[in-house]
Amino acid sequence: MEKRTEREIDQELVSRAQAGDKRAFELLVAKYQRRIARLLSRLIRDPGEIEDVTQEAFIKAYRALPSFRGESAFYTWLYRIAINTAKNYLASLGRRPQLSADYEDEDGETLDAAAQIPDYHTPESELANREIVRTVNEVVETLPDELRTAITLREMEGLSYEDIASVMNCPIGTVRSRIFRAREAISAKLKPLLETVGKDRRW
């Protein structure tokens with residue numbers, strides 16, 4: 001039996017949910033809830049608000065499910081809803097999206113440039129690694145919303161340029177430009193730190 005792709009599995013669950021199978025949608029929520037919360041943690045600082053907006057995003061997705069035609073992957077469609085929900089939520093409070101350096105999922109995933117630095121398990125290297133992670137987070141926090149969202153989807157979520165273009169509703173060329181500009185900003189701040197630990201390498 002040929003192994004089905006994630007997209008095919010998701011599409012089957014979506015079709016079942018569209019037909020009234022609430023359990024199928026619950027499975028989609030279970031699959032993507034942490035990923036959506038992790039994504040929103042790059043835009044919203046407070047963990048309680050992240051949880052609330054994540055739930056609201058899934059409620060909106062459930063209500064909009066009848067209109068989902070499968071032209072894009074389900075998670076791409078879901079990410080777009082989640083980002084728009086977060087932006088609308090923050091706009092209603094008169095706030096700008098912010099980066100949370102404190103909220104991580106169980107896997108501890110983050111925009112961690114320290115992964116590129118050899119770990120010699122010395123106090124100096126541990127300190128340098130923490131400084132690099134802190135610097136990356138600070139730089140990402142200062143980026144314009146479009147750049148921060150693009151670099152987060154690419155580096156943290158691992159989305160393709162095509163999927164990011166779909167999520168952000170813009171041309172692929174614009175996505176490439178935004179990611180390039182974000183990486184340039186991060187690289188400029190990281191270069192002195194990387195040189196300090198003997199690793200002058202582009203992030």
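Asparagine 169 sits in the loop between α7 and α8, and this small spot is a friendly place to begin. The model you are looking at is predicted. The chain has eight helices and zero strands, so reading along the sequence gives the pattern α-α-α-α-α-α-α-α under the rule that helices are numbered from the N terminus. Of its 203 residues, 42% count as buried.

**Two residues with a positive phi**

- Asparagine 169 has a phi near 55°, which is a positive value in a residue other than glycine.
- For comparison, most residues other than glycine have a negative phi.
- Is asparagine 169 buried or exposed? Its relative accessibility is 69%, so asparagine 169 counts as exposed.
- Glycine 158, found just after α6, also takes a positive phi, of about 70°.

**The chain as a whole**

- The accessible surface of the chain comes to about 11,100 Å², and carbon and sulfur atoms account for 49% of that surface.
- Take the contacts between residues at least 6 apart in sequence: 67% of them join residues at least 24 apart.
- One pair to look up is lysine 22 and tyrosine 62, which are 40 residues apart along the chain, with their C-alpha atoms separated by 9.6 Å.
- Lysine 22 belongs to helix α2, and with a relative accessible area of 57% this lysine is exposed.

**The nonpolar core**

- The largest nonpolar core has 52 residues.
- Which of its residues touch the most other members? They are Phe25, Ile36, Leu40, Phe74 and Leu153.
- At least two residues of this core come from each of α1 (6-18), α2 (22-40), α3 (47-64), α4 (74-92), α5 (123-142), α6, α7 (161-168) and α8 (172-196).
- In soluble globular proteins, nonpolar side chains tend to be buried together.
- Leaving aside residues up to four places away in sequence, phenylalanine 25 touches Ala17, Phe58, Ala61, Tyr62 and Leu65.

**A look at helix α6**

- Helix α6 covers residues 145-156, twelve residues in total.
- From its first C-alpha to its last, α6 reaches 16 Å, close to the 16 Å expected at 1.5 Å a residue.
- Buried residues in α6 include Leu147, Ile151, Leu153 and Met156, and Arg148 and Thr152 are buried too.

**Aromatic rings**

- How many aromatic pairs does the structure have? The count comes to seven.
- One of them joins phenylalanine 68 and phenylalanine 74, an edge-to-face pair with 6.0 Å from centre to centre and 90° between the planes.
- Phenylalanine 68 and phenylalanine 74 are both buried.
- Phenylalanine 68 also pairs with tryptophan 77: the ring centres are 5.0 Å apart and the planes lie at 50°, so this pair is tilted.
- Why does phenylalanine 68 count as buried? Its relative accessibility is 4%, and buried means under 20%.
- Tryptophan 77 has 11% relative accessibility, so tryptophan 77 counts as buried as well.
- Tyr32, Phe68, Phe74, Tyr75, Trp77 and Tyr79 form one aromatic cluster.

**Arginines over rings**

- Arginine 35 lies over the face of tyrosine 75, 5.7 Å from the ring centre.
- Arginine 176 lies over the face of tyrosine 161, at 4.3 Å from the ring centre.

Notes. Residues are numbered from 1 along each chain as its sequence is written. This is a predicted model: local features need pLDDT of at least 70, side-chain atom pairs count only at pLDDT 80 or more; totals for chains, interfaces and linings use all residues. Side-chain values use heavy atoms; hydrogens and water are left out. Rings of Phe, Tyr and Trp (its six-membered ring) pair if their centres lie within 6.5 Å; planes under 30 degrees apart count as stacked, over 60 as edge-to-face and the rest as tilted. Buried means under 20% relative accessible area, exposed over 50%, partly exposed in between (1.4 Å probe, protein chains only). A charge sits over a ring if NZ of Lys or CZ of Arg is within 6 Å of the ring centre and within 35 degrees of the ring normal. Helices (H or I, at least four residues) and strands (E, at least two) are DSSP runs, numbered from the N terminus. Contact means heavy atoms within 4.5 Å. Accessible areas come from the Shrake-Rupley method with a 1.4 Å probe; for residues, only the protein chains shown count as cover. The expected span of a helix is 1.5 Å times one less than its number of residues. A nonpolar core is a set of buried Ala, Val, Leu, Ile, Met, Phe, Trp, Tyr and Cys residues joined through side-chain atoms within 4.5 Å.
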